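Me: I have a model open and want to go through its packing, sheets and charged pairs. Can you keep the answers short?

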Amino acid sequence: KWLPHCIGHEAIGSVVDIGENVTRFRKDDNVILSWLKSDGIDAGGTHYSWGKNVVNAGPVTTFQHYSVISENRLTKMVSSSLGEIQVLLGCAAPTGMGAVKNVLRPNEGESIVIFGAGGVGLCALMMAKYMKLSPVIVADISEERLKLAKKFGADIAVNVAQKPLEDVMQENGLQHVDHLVEVTGNIEVFNSIMGYIRPQGGRAVIVGNAPAGQMMKISPSQFNMGKSILGTWGGDSKPERDFEIFSHILDENQPFFRKMIENSFSLEQVNVALDSMRNKTVARPVLSM
């Protein structure tokens, strides 16, 4: 019922003009666009006219050259040296990094498994390394993404299409891990995660979106053993609180993050970009305007 509809929720750009009562920004400010709410006016969605049609849009949309955005979905860029890497602050970085920092809140030296080596999973990996977790294990079915995970600093990268994760863990002296991040959206992974985290304190956070209507199955005995499954809304991140530390991590690891977003597509190639993400040949495709 919302079609035609503008989509996209992660971008960088510059302010062309401001509306009445906007106080946090001025014309020509360089900004990060994110679906995560910050301070400022929450103006809701936008209606664009397209000939005789009305095109719907949410408070932030990014698959377009010009957008009308709610003030509270913008954050001023905090670094001039990061350039286009800051696009990750719109979603991938706060979701992946925040899942580790804000939701799991691990201690140094604890172990972690990250299911999924796409953009969000790689950001979770980088936060795990920043917080000095060990070992950091990444599981995926894409060799290309696993190679990238190793470059990002994964201690162990496992192609679970070729070898069971539990076998690799046992080979490395691990029965369980302290923490787990799920970023695949695969219901079979959802159903298996409790078996990987340790009794009496093991914690898992689900970030991935499973297809609508699917249900996960967990034995209540897993909870009796002291294990926890947590949910999250964008890594529980707050732009005004977290973007500075996330930017610091991006800055310290620029070569890795530039590698992650090196595949650039024009707006007209948006379907090709989405397909490259679906078939896992690209970790985080970027639309260059």
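Me: Start with the helices. In what kind of crossing does helix 1 pass helix 2, left-handed or right-handed?
Reply: Helix 1 passes helix 2 in a right-handed crossing. The term means that the near helix is turned clockwise from the far one by less than a right angle; anticlockwise would be left-handed. Helices here are DSSP runs of H or I with at least four residues, strands are E runs of at least two, and both are numbered from the N terminus.

Me: Before we go on, what kind of model is this?
Reply: It is a predicted model, where local features need pLDDT of at least 70, side-chain atom pairs count only at pLDDT 80 or more, and totals for chains, interfaces and linings use all residues. Residues are numbered from 1 along each chain as its sequence is written, and side-chain values use heavy atoms, with hydrogens and water left out.

Me: Fine. At what angle do helix 1 and helix 2 pack?
Reply: About 45 degrees, with the axes of helix 1 (residues 92-104) and helix 2 (residues 119-130) 7 Å apart. Axes are lines fitted to C-alpha atoms, for helices over the stretch in contact, and angles run from 0 to 180 degrees between N-to-C directions. The two helices are therefore oblique to each other. The classes are roughly parallel under 35 degrees, roughly antiparallel over 145, roughly perpendicular from 65 to 115, and oblique for the rest.

Me: Which residues make the contact?
Reply: From helix 1, A92, A93, T95, G96, M97, V100 and K101; from helix 2, G119, V120, C123, A124, M127 and A128. Contact means heavy atoms within 4.5 Å.

Me: And how do helix 2 and helix 7 cross?
Reply: At roughly 90 degrees, and the axes of helix 2 and helix 7 (residues 239-252) come within 11 Å. That makes helix 2 and helix 7 roughly perpendicular to each other. M126, M127 and Y130 of helix 2 touch I245, F246, H248, I249 and E252 of helix 7.

Me: Sheets now. What is the strand order in the sheet of six strands?
Reply: The order is 8-7-6-9-10-11, in an open sheet with parallel pairing. Two strands pair if DSSP finds at least two bridges between them. The edges are strand 8 (156-159) and strand 11 (228-231), each pairing on one side only. The twist averages 20 degrees from one strand to the next.

Me: Which strands does helix 1 touch there?
Reply: Helix 1 packs on the sheet against strand 6 (112-115), strand 9 (179-182), strand 10 (203-206) and strand 11. The direction of helix 1 makes about 135 degrees with that of strand 10.

Me: How many bridges join strand 7 to strand 8?
Reply: Four bridges, with strand 7 (residues 136-140) running parallel to strand 8. D140 has N159 in strand 8 as its bridge partner.

Me: What about the sheet of three strands?
Reply: That one is open as well, in the order 1-2-5, with antiparallel pairing. Strand 1 and strand 5 (74-76) are the edge strands. Neighbouring strands are turned by 30 degrees against each other on average, direction ignored. Strand 2 and strand 5 are paired over three bridges, and V31 has K76 in strand 5 as its bridge partner.

Me: Which residue takes a positive phi in the hairpin of strand 3 and strand 4?
Reply: G51, with a phi near 65 degrees; the hairpin has two residues between the strands. Strand 3 (residues 46-50) and strand 4 (residues 53-57) are antiparallel and share five bridges. Y48 is matched with V55 in strand 4.

Me: Switching to charges. How many salt bridges are there?
Reply: The count comes to 13, taking a salt bridge as a side-chain nitrogen of Lys or Arg within 4 Å of a carboxyl oxygen of Asp or Glu. One of them joins D17 and K27, at 3.9 Å from N to O. Both sit in the loop between strand 1 (10-14) and strand 2 (30-34), 10 residues apart.

Me: Is D17 buried or exposed?
Reply: Exposed, at a relative accessible area of 53%. The cut-offs are under 20% for buried, over 50% for exposed and partly exposed in between, with a 1.4 Å probe and protein chains only.

Me: Where do E144 and K147 lie?
Reply: Both are in helix 3 (residues 143-152), three residues apart, about one turn of the helix. Their closest N and O atoms are 3.9 Å apart, in a salt bridge. K147 is partly exposed at 49%.

Me: And R241 with D242, what is the N to O distance?
Reply: 2.8 Å. R241 is partly exposed at 44%, whereas D242 is buried at 1%. Elsewhere, K37, D42 and R73 are joined into one network by salt bridges that share partners.
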